[in-house]
Amino acid sequence: IKEVYRQIWAIYVQDKWDITYNLGLTIGVRHDHYSDFEGTTNPRIGLVWNFMEDTTLKLLYGQAFRAPSFVELYSANNSTLIGNPSLKPELIRTYEVGLSHKFVDNVNVNVNYFFNVLRDSIDVVQKNAPTDPFVFENLGGSNIQGVEFEVKAGLTRFFNGSYVFANYTYQDAESKGDPLPDVPKHKGNIGINIKPC
C-alpha cells in the first residue's frame, strides 16, 4: 500500500437515570472522526426494568461502525486485489430485548431476541472481465435476527467468582432475500471460568 497516515479523535458521553426504584435508563453517544473519511456519530440507549424480584427485562438499541482498513482503502501493487479510497465505513444498528431471571442464588438464565441491520458492508467484487483485479466496494447490507439462551451457574463452593455456562443461539442472516454465507444458523458454547484467588 502507499504510505498514508490516519488521525482519529473521539468523544463519548453517557448518563444513567433511575426513573423509579426498579426502572433505569442509560443513554450514551459517541462521535468518532477519522482524517481519511467523514466522522460518524453512534448512539446507545438501554432501558432496564426489574419488574419482579430476581427478574429483569432489558430493551437495548445501539449503533456502531467499522472503519475501512488501509488495505481496503489503499492496496495498489497487488495484481489481483486493489483498494478503493472512496469506501465508507460499515454501519450496524442493533435492537435487543432480553429477559433474565435468577432461579437460586447462583443460577441465572437469560433469553434474548436480537435484530441487527448491517449497511455498507465491505467486500470484494470483480467489475468487468474475469482477468480484471478484484476491488473493495460497499455492497449494500444484510439483516441478522435470532434468539439466544444462556444458563450460568456460580461455583461459590469451590472458587468465589467462578462459574460454568452454556449458551445456544439460533440466527437467520440474509442479504436481499438470500442467506448469508459462512453465518451458521445454530451455534453454542459451553465452558467454565475459574477464578483461583
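Visitor: Which residue in β11 stands opposite A153?
Guide: In this predicted model, A153 faces V164 of β11.

Visitor: And what does the pairing of β10 with β11 look like?
Guide: β10 and β11 (residues 163-175) run antiparallel. Twelve bridges hold that pairing.

Visitor: What about β11 and β13, how many bridges there?
Guide: Eight bridges, again in the antiparallel sense. β13 covers residues 186-193. One pair to look at is F165, whose bridge partner in β13 is G191.

Visitor: How do strands hold on to each other in general?
Guide: Through backbone hydrogen bonds, in either a parallel or an antiparallel arrangement.

Visitor: How many bridges link β11 and β12?
Guide: Two, and the pairing is antiparallel. E174 has P179 of β12 as its bridge partner.

Visitor: What sits between β11 and β12?
Guide: A turn with two residues, so to speak the tip of a hairpin formed by β11 and β12. K176 is in that turn, and its phi is positive, about 55 degrees.

Visitor: What sign does phi usually have?
Guide: Negative, for most residues other than glycine.

Visitor: OK, where is D54, and what is its phi?
Guide: D54 is in the loop between β3 (37-52) and β4. Its phi is positive, near 65 degrees, and D54 is not a glycine.

Visitor: Is D54 buried, exposed or partly exposed, and why?
Guide: D54 counts as partly exposed, because its relative accessibility is 42%.

Visitor: And D120, where is that, and what about its phi?
Guide: D120 lies in the loop between β7 and β8. Phi of D120 is positive too, about 60 degrees, and the residue is not a glycine.

Visitor: Since you mention β8, what does β8 pair with?
Guide: β8 pairs with β9 (residues 134-138), antiparallel, over five bridges. Within that pairing, D123 stands opposite E137 of β9.

Visitor: What is the strand order in the sheet with β8 and β9?
Guide: The order is β5-β9-β8. The sheet is open, has three strands and shows mixed pairing.

Visitor: Which strands are at the edges?
Guide: β5 (81-82) and β8 (122-126). Each of these pairs on one side only.

Visitor: Switching to pockets. How much space is in the largest one?
Guide: About 230 Å³. The lining has 13 residues, and those closest to the centre are T56, K58, L99, S100 and N110.

Visitor: Which elements give two or more residues to that lining?
Guide: β4 (55-66), β6 (90-104) and β7 (107-119). β6 has the largest share, with six residues.

Visitor: What classes of residue line the largest pocket?
Guide: Seven polar, four charged and two nonpolar.

Visitor: And the second largest pocket, how much space lies there?
Guide: About 170 Å³. Its lining includes L118, S121, D123, L139 and G141. S142, S175, D178, P179, L180 and P181 also belong to the lining of the second largest pocket.

Visitor: D123 and P179 came up before, right? Where did they appear?
Guide: D123 is the residue opposite E137 in β9. P179 is the bridge partner of E174.

Visitor: Which elements each supply at least two residues to the second largest pocket?
Guide: β10 (141-154) and β12 (178-179).

Visitor: How does that lining divide by class?
Guide: Five nonpolar, four polar and two charged.

Visitor: Last topic, N22. Where is N22?
Guide: In the loop between β1 (8-20) and β2 (23-34).

Visitor: Buried or exposed, and why?
Guide: N22 is buried, because its relative accessible area is 15%, and the cut-off for buried is under 20%.

Visitor: What does the side chain of N22 join up with?
Guide: The side chain of T20, in a polar contact of 2.9 Å.

Visitor: What else is N22 in contact with, beyond its neighbours within four places in sequence?
Guide: V48, W49, N50 and F51.

Visitor: And how far are the C-alpha atoms of N22 and G154 from each other?
Guide: They are separated by 25 Å. Along the chain, N22 and G154 are 132 residues apart.

Terms used: Residues numbered from 1 in each chain as written. Predicted model: local features only at pLDDT ≥ 70, side-chain atom pairs only at ≥ 80, totals over all residues. Heavy atoms only, no water. 1 Å grid on protein atoms, 1.4 Å probe; cavity = no way out; pocket = protein on both sides within 12 Å on 5 of 7 lines; lining within 4 Å. Points joined across faces, edges and corners; volume = space filled by probe spheres on them. Helix = DSSP H or I, 4+ residues; strand = E, 2+ residues; numbered from the N terminus. Nonpolar A, V, L, I, M, F, W, Y, C, P; charged D, E, K, R; others polar. Buried < 20%, exposed > 50% of the residue type's maximum accessible area, 1.4 Å probe, protein only. Polar contact = N/O pair within 3.5 Å; in protein donor to acceptor, adjacent residues only side chain to side chain. Contact = heavy atoms within 4.5 Å. Pairing = 2+ DSSP bridges.
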